[in-house]
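Here are a few notes to read alongside the model. Have the viewer open as you go through them.

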Amino acid sequence: MMTNKRLLLLAVFCFILPRLATAQNHDVETYRDQYRPQIHFSPAAHWINDPNGMVYFNHTYHLFFQYYPDATVWGPMHWGHATSTDLVHWKELPIALYPDSLGYIFSGSAVVDSNNTSGLGKKGKIPLVAIFTHHNPNGEKAGTNNYQNQSLAYSLDNGITWTKYAGNPVLNNPGIKDFRDPKVMWYARQKKWIMTLATKDRITFYSSPNLKKWKKESEFGATIGAHGGVWECPDLFPLKLNGKTHWVLIVNINPGGPNGGSATQYFTGDFNGSKFTPRDTKTRWLDYGPDEYAGITWGNTGSRKIFLGWMSNWEYANQVPTEKWRNAMTIPRELSLKAVNNEVLLASAPAKELNALTAKTLVLKPTVKAGQDILANLNKQYKQYRFDAKLRNKPGFRIKLSNDEGETMVIGYDNKTGNYYIDRSASGKTDFNPNFAKTAYAPRLAFPKTSDIHLIIDASSIEFFADGGLTTMTAVCFPHKPYTHLYIEILKVSDIVQPSVSGLVSIHGNK
């Protein structure tokens, strides 16, 4: 006769463990559908757009995001939620913020209120405070101009659950239709919070001692920068270059990007706690590709600024040919400043944490022959990979990604025009929108004798970094099969240095 302990062990082996294994396998299967990113964050199901509330706290990166849980097209906005301890592997959590009587939950930010300036902390617990836009759809339908207002929510359990502030909204709309996307930071020099807010076609700065009462400080941008569409999702932060602090102001715009639709522009200059003063009046783009938008940085990361964008474009975001989910985020990128011809420019690089995904690296011979398949010796189990090389004298080149269906994605540089480009006209499925297949261009901003290029390829995207990240391009694509062939064509084989290709392990546990 079996004892109770033996019966319990038998139950574990025969009943519980198989079901745990099935649950784990189901989780992996969720992320094996066609076009699913394997090294980028995407929701298990349904619609996603702007990253929100990005904050680092207690060794955890929080990523909130615009989310509609009832369909794969845009709808009443919620804040979805995911966390990571390494910026690479993400755990999707229950929805953090739901729409309520004040409206949908539009974009915003989150801060660590270490000094409890808000008074929302209890029993010594440090509050995480989310500052977001309440968007009232009824007011919008009625034709009013004050249907977007700023509100708060707070968490006392490390961001797991959230309570909306009873006094919402904390910043009322003064009569501006587009009054949204608050990005808040602590300005230590003057011991106050600074809110950078998108207001129609410009930025308005507000300050507060406690996150609840806000005072207007200044406006920026009415006569500077790109104005092809409304300004959205701003971000303000300092970065050092050669020991000197410069301020960077990111402003997303839709439409009006350099290759059509939505894109991210930026300005460098100075901020004195009240006013942002640009260094010059040039219009610059953080990413020239068609598919990086609404990008902002994580808060509470010290001097390190880590950027993440939405990997899509409003021209076709609701139409891309995915079924269970729609759209994803870029890889995390580290931002830095570089001096080029007396200009202070913003550069992007893949975050170092991505190196943990490297499974196998092949260092290639310097003399890569035209027509040689660089991926031929990389195990085909790696459907996602990166290509790195340095080029002398920057000749014109073409990098061609292709699959067994003959579909191609071409990334290149034209040394006659000085432009990089991405051509996805034959990349796979392109007929869902007439603007999708056109070639995107980006200028070369620096001309060192030896320059670097980096390509990160996933199931439905490529991210291209050149010249120390001064030129960055992101593009989504929808091939019927993975791109398992890579060819590089250059003017002279002696111009390529240190080429390598690396397989990348899926963050979802499958190859």
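1. First, the vocabulary: helices (H or I, at least four residues) and strands (E, at least two) are DSSP runs, numbered from the N terminus. This is a predicted model, where local features need pLDDT of at least 70, side-chain atom pairs count only at pLDDT 80 or more, and totals for chains, interfaces and linings use all residues. Residues are numbered from 1 along each chain as its sequence is written, and side-chain values use heavy atoms, leaving out hydrogens and water.

2. Take a look at the cis prolines. Pro-255 sits in the loop between strand E14 (244-254) and strand E15 (263-271), and the peptide bond leading to Pro-255 from Asn-254 is cis, with omega near -10°. Another cis bond links Asn-168 to Pro-169, with omega about -5°; Pro-169 is in the loop between strand E8 (163-164) and strand E9 (179-187).

3. Now two asparagines with positive phi. Asn-58, in the loop between strands E1 (46-57) and E2 (60-68), has phi near 50°. Asn-58 is partly exposed at 47% relative accessible area (buried is under 20%, exposed over 50%, partly exposed in between; 1.4 Å probe, protein chains only). Asn-341 also has a positive phi, near 50°, and lies in the loop between strands E21 (333-340) and E22 (343-350). Asn-341 counts as exposed, at 66%.

4. Is Arg-386 buried or exposed? Buried, at 14% relative accessible area, within strand E24 (residues 385-392). Leaving aside neighbours within four places in sequence, Arg-386 has contacts (heavy atoms within 4.5 Å) that include Asn-355, His-454 and Ser-500.
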